[in-house]
Amino acid sequence: MTVAITSAFDSGNIRVLRQEGAADFVLAINKDAGGEFFQWFHFRVSGARGLPLRLRIVGLNASAYPEGWPGYAARISSDRQQWVTAPTSFDRDREEGTLSIEVTPASDHLWCAYFAPYSMERHHDLVARTALASGVSSRVLGVSIEGQPIDCLEMGEGGAHIWIYGRQHPGETMAEWWMEGALEALTDPAFAASRILRSKARLHLVPNMNPDGSRRGYLRTNAAGANLNREWAAPTAERSPEVLAVRNAMDETGVMFALDVHGDEALPHNFIAGFEGIPSLSQRQIDGLERYKTELCRQSPEFQVKMGYPVAPRGRANLTMSTNQLAERFGCVAATLEMPFKDSADLPWPATGWSPERSKALARACLAALAATIDELS
């Protein structure tokens, strides 16, 4: 049987440059709209059952985050349900940076991806399922460049408004796995933190802010080539309607706490980036952020505070980024949660690396930390 590779499906991204043997392929990743970013890949190999398969993705020194490749392991699946790590190596000196994946498939089809994918069909299932839960309402805040809905799920009877949103960068699929875990926890009456949060706040959750980039198989941009997390200062209907819709809804409600959920390509840690460089920074905001991070460390051994991004000096924050913009705009506590594409160096699990299951578990810990600190954040 001839071995074939395709990425002609939701979130697919790869192209075959050449075939050098029966099961030896040289591949390249297609760029996002705008031509600046590429890193996400997702494809299917068929007809390689029992063959020693070698997949070489080349030209990666020019990718968005070349430091994301050393120590990284690709994810593979035969059923698209369970994703595990594949034997993977990186050679920056070969063909301008080559990621080599070597595996012998035990089935007729093998899916390979940068991280466990989260399809738009699964997104719609999540929205439909959550909207049927007791006390939950769902609304469309706006539409994307290509007309896909920006879904927002809402619940809670309290007066404080909490906004949680993910997948501004579509290739960071762990963000929507996290959102799935958060929505399951918030609709679980046995989860005490959910009852606390829903009694004290109104929660607004946007599971996927970039449906076009998600469906197209992009790393960071929407269909217009906009990096949504650089659009928050002045979003437009033409370039970033997704951000405009969400920010307008936030202006209507106000924001007491905001959490933006992401993945980081290079750092093998879970961490939070704050807003310390905003012009109007207050001690109350600093104290609230530090209290939340301290509590999250207590709730989850997968979270840490030693490793993360450099802190911007006072007045030097990039206000085009959502966390900075919201902290400045509303005087709230805001945070960017980053999860790894690599395994977590703090508590490794090599068989899967960082995974959908671990992302969902971290979501429950984040909500428990929020329930424990909500009175101190307002």
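Is N210 buried or exposed? In this predicted model, N210 counts as buried, because its relative accessibility comes out at 0%, against a cut-off of under 20% for burial. The residue sits in the loop between β14 (201–206) and α4 (211–216). From there, the side chain of N210 reaches over to the backbone nitrogen of G213, at 3.0 Å. Setting aside neighbours within four places in sequence, the contacts of N210 are with R167, Q168, P170, R220, T221, N222 and L228.

One of those contacts, R167, deserves a look of its own. R167 belongs to the loop between β13 and α2, and with a relative accessible area of 2% it is buried too. Its backbone is a bit out of the ordinary: most residues other than glycine have a negative phi. R167, though not a glycine, has a positive phi of about 60 degrees. E95 goes the same way, as a residue other than glycine with a positive phi, near 45 degrees. E95 is found in the loop between β8 (88–91) and β9 (98–103). What about its surroundings, then: how does E95 count in terms of accessibility? With a relative accessible area of 33%, E95 is partly exposed.

Next comes helix α3, which spans residues 192–200. Its buried residues are A193, S194, L197 and R198. Looking down the axis of α3, these buried residues fall within an arc of 125 degrees, so they line one face of the helix. That sort of pattern ties in with helix geometry: an α-helix has 3.6 residues a turn, so residues three or four places apart point the same way. And what covers the buried residues of α3? The cover includes three strands, β12 (149–155), β13 (160–166) and β14, along with the helices α2 (174–186) and α8 (356–377).

Of these elements, α8 can be followed in more detail. The axes of α3 and α8 come within 9 Å and cross at roughly 45 degrees, and the two helices are therefore oblique to each other. As for handedness, α3 passes α8 in a left-handed crossing. On the α3 side, the residues that meet α8 are A193, I196, L197 and K200; on the α8 side, their partners are L367, A368, L370, A371, I374 and D375. Two of the α3 residues here, A193 and L197, also figure among the buried residues of that helix.

A second helix pair makes a handy counterpart. Helix α5 (residues 241–253) and helix α7 (residues 322–330) have axes that come within 12 Å and cross at roughly 25 degrees. α5 and α7 are therefore roughly parallel to each other, as angles under 35 degrees count that way. Their crossing is right-handed. R247, M250 and D251 of α5 make the contact, together with Q325, L326, R329 and F330 of α7.

Back among the loops, K342 is placed in the one between β17 (333–340) and α8. For a lysine, is K342 buried or exposed? It is buried, with a relative accessible area of 9%. Where do the polar atoms of its side chain go? One polar contact has a side-chain polar atom of K342 lying 2.8 Å from the backbone oxygen of P70. In another, the backbone oxygen of A266 is 3.2 Å from a polar atom of the K342 side chain. Both P70 and A266 turn up in the wider contact list of K342, which, not counting residues up to four places away in sequence, runs to E67, G68, P70, G71, Y72, R75, E265, A266, P268 and W354. The C-alpha atoms of K342 and L219 are separated by 16 Å, with the two positions 123 residues apart along the chain.

Two histidines round off the picture. H269 lies in the loop between β15 (257–264) and β16 (271–273) and is buried, with a relative accessible area of 10%. Its side chain makes a polar contact with the side chain of D346, at 2.8 Å. Leaving out residues up to four places away in sequence, H269 touches Q304, M307, E338, M339, P340, A345 and D346. H124, by contrast, is found in helix α1 (residues 120–131) and counts as partly exposed, at 32% relative accessibility. The C-alpha atoms of H124 and D151 are separated by 9.1 Å, and the two residues are 27 apart along the chain.

Terms used: Residues numbered from 1 in each chain as written. Predicted model: local features only at pLDDT ≥ 70, side-chain atom pairs only at ≥ 80, totals over all residues. Heavy atoms only, no water. Helix = DSSP H or I, 4+ residues; strand = E, 2+ residues; numbered from the N terminus. Buried < 20%, exposed > 50% of the residue type's maximum accessible area, 1.4 Å probe, protein only. Polar contact = N/O pair within 3.5 Å; in protein donor to acceptor, adjacent residues only side chain to side chain. Contact = heavy atoms within 4.5 Å. Arc of directions from axis to C-beta. Axes fitted to C-alpha atoms, helices over the stretch in contact; angles between N-to-C directions. Parallel < 35°, antiparallel > 145°, perpendicular 65-115°, else oblique. Left-handed = near helix turned anticlockwise from the far one by under 90°.
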